[in-house]
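Welcome, and thank you for taking a look at this structure. Please have the sequence and the 3D view at hand as you read along.

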Amino acid sequence: MRKISIFGATGSIGQNTLDLLRRDRAAYHVVALTGGQNIAQLAADAREFGAEIAVTAHEAQLPALREALAGSGVEAAAGAAALVEAASRPADWIMSAIVGAAGLAPGLKALEQGTTLALANKESLVCAGRLLMATAEAQGARILPVDSEHSAVFQALVGERLAEVERIIITASGGAFRDWPLADLANATLAQASSHPNWDMGQRITIDSASMFNKALEVIETREFFGVSPEQIEVLVHPQSLVHALVGFRDGALMSHLGAPDMRHAIGYALHWPDRKHLPVARLDLAAIGQLEFRAPEEARYPALRLAREVMARGGLAGAVFNGAKERALDHFIAGHLGFTAMAEVTEAALARIEAEPGLIDDAMTLENVTRIDDLARKAVDLLVAQRTG
Ligand code: NAD
Ligand code: MG
């Protein structure tokens, strides 16, 4: 039996992962499941799978979790340290599907144990890519991409040499507002930004898709994961979300991955890698689809893409600043303190402020320094938002 843990089990990726495990229950032993406020879901899944331990990120929820697990034999724990402890428990495969920089510490701990990490939590690669990749290498641990674009690139590279890759093209649906008049974007509401044309995902990544902050993170994720230079990475708007990525080789050939917009494709590939097993995803009927549509991303519509290029050019800990500022700007958008287009404005301003502080961005990439600069970025955004609204 394979020992499996799922970080962020109650979320969209976590639930899709459990759906795949459920179809072959006897093959898996669940070690740890983690969640946040949704204690009922976490406890129900932990009971169903006979998990060793269930962890909620929120210490105040520990009594509720204990009560929900009473008599089940499942251990209950809470808080950031408990998440890291759960990640240190022996497992064969860990799904990293917490949303945001909070996924970094448990993911890093899993790699330090030499555990294979299926990585949906792109934010950790953006914040600390070199640290994660170096830890994996030192421990002989594998990171398997779960983001659909990166899984697609990974699959297109099977049997190929990275040295022969000329470019990597990741596709973007263009999000909820791809066809809106630019002038209307500033007034886009939370409800409008929270609905994705093709994918059913958590709320935060859905809003990040509308602003293309998600694609900005994914460009940096591509650089960190595959080690290509920023100039080799392209973004292509593909409204249908059927072609997930393309890899261009030096002979001009393009290899692409097509599939229904269903995250169980990428989760299943990482779960069964290097094998392919049957997956319960829709099969594409290309004759019925008829045409595939592509266009270049408009710079003015998606300033986040430009910021990603600047962050990669700056290097150091700029990725952690970018991600922390973007996460906090999103918190303020969700809370109604900030307009849709203002998220990119305050993220850019926070980046400029922290980059102007001598030394900070060039500190060594350790978990402590990344955590500290992430916190500084969030505080810079709070200050900028207070100034705008004040
Ligand atoms: P979600 O919001 O549906 O779920 C997030 C999970 O993280 C939940 O279990 C939640 O309880 C937990 N969580 C939230 N804040 C936490 C914190 N501070 N500490 C610990 N746990 C916390 O998110 P999702 O859509 O499943 O996305 C998860 C990750 O996968 C993100 O990094 C996202 O970018 C990435 N991803 C998601 C999709 C998708 O289709 N949903 C696709 C590609 C990549
Ligand atoms: Mg993606």
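What follows is a short tour of this predicted model, going from its sheet to its metal site and then to a few details of the backbone.

**The sheet**

A good place to begin is the open sheet of 7 strands, which pair in parallel in the order β4-β3-β2-β1-β5-β6-β7. At its edges are β4 (75-78) and β7, each of which pairs on one side only. From one strand to the next, the twist averages 20°. To see one pairing in detail, look at β1 (residues 2-7) and β2 (residues 28-35): these strands run parallel and are joined by 4 bridges. Arg-2, for instance, has Tyr-28 in β2 as its bridge partner. Helix α5 (residues 104-112) packs on the sheet, where it touches β1, β5 (93-96), β6 (116-119) and β7. The direction of α5 makes about 150° with that of β6.

**The magnesium site**

Which residues are the protein donors of the magnesium ion (ligand 2)? They are Asp-147 (OD), Glu-149 (OE) and Glu-218 (OE), and they lie 2.1 to 2.2 Å from the ion. Along the chain, these donors follow the spacing D-x1-E-x68-E. Asp-147 sits in the loop between β7 (143-145) and α7 (148-156), while Glu-218 belongs to helix α10 (residues 213-226); the pair links distant parts of the chain, 71 residues apart. Both Asp-147 and Glu-218 are buried.

The loop between β7 and α7 also holds Val-146. With 0% relative accessibility, Val-146 counts as buried, because the cut-off for that word is under 20% relative accessible area. Leaving out residues up to four places away in sequence, Val-146 touches Met-95, Ala-118, Leu-119, Ala-120, Met-263, Ala-266, Ile-267 and Ala-270. Its C-alpha atom is 8.4 Å from that of Asn-121, a residue 25 places away along the chain.

Just after this loop comes α7 (148-156), which is mostly covered, with 9 of its 9 residues buried. Among them are Glu-149, His-150 and Phe-154. The elements that cover the buried residues of α7 include β7, β8 (165-172), α10, β10 (243-249), β11 (254-258) and α11 (264-272).

**Two helices that cross**

Two packed helices are described by the angle between their axes and the distance between the axes. For α9 (residues 203-211) and α14 (residues 318-334), the angle is about 100° and the axes are 11 Å apart. The two helices are therefore roughly perpendicular to each other. On the α9 side, Gln-203, Arg-204, Ile-207 and Asp-208 take part, meeting Lys-326, Glu-327, Leu-330, Asp-331, Phe-333 and Ile-334 in α14. Sorted by class, this contact has 4 nonpolar, 1 polar and 5 charged residues.

**Backbone details**

Most residues other than glycine have a negative phi, and most peptide bonds are trans. The table lists two residues with a positive phi.

| Residue | Phi | Loop | Relative accessible area |
|---|---|---|---|
| Met-212 | near 70° | between α9 and α10 | 1%, buried |
| Ser-241 | near 55° | between β9 (233-237) and β10 | 4%, buried |

There is also a cis peptide bond, which joins Trp-273 and Pro-274 and has an omega of about 5°. Pro-274 is in the loop between α11 and α12 (286-289).

Key:
Residues are numbered from 1 along each chain as its sequence is written. Chains are lettered from A and ligands numbered from 1 in the order in which they are written. This is a predicted model: local features need pLDDT of at least 70, side-chain atom pairs count only at pLDDT 80 or more; totals for chains, interfaces and linings use all residues. Side-chain values use heavy atoms; hydrogens and water are left out. Axes are lines fitted to C-alpha atoms, for helices over the stretch in contact, and angles run from 0 to 180 degrees between N-to-C directions. Angles under 35 degrees count as roughly parallel, over 145 as roughly antiparallel, 65 to 115 as roughly perpendicular and the rest as oblique. Contact means heavy atoms within 4.5 Å. Ala, Val, Leu, Ile, Met, Phe, Trp, Tyr, Cys and Pro count as nonpolar, Asp, Glu, Lys and Arg as charged, and the others, Gly among them, as polar. Donors are N, O and S atoms within 2.8 Å of the metal (3.2 Å for Na, K and Ca); water is not among the atoms, so sites may look incomplete. Buried means under 20% relative accessible area, exposed over 50%, partly exposed in between (1.4 Å probe, protein chains only). Two strands pair if DSSP finds at least two bridges between them.
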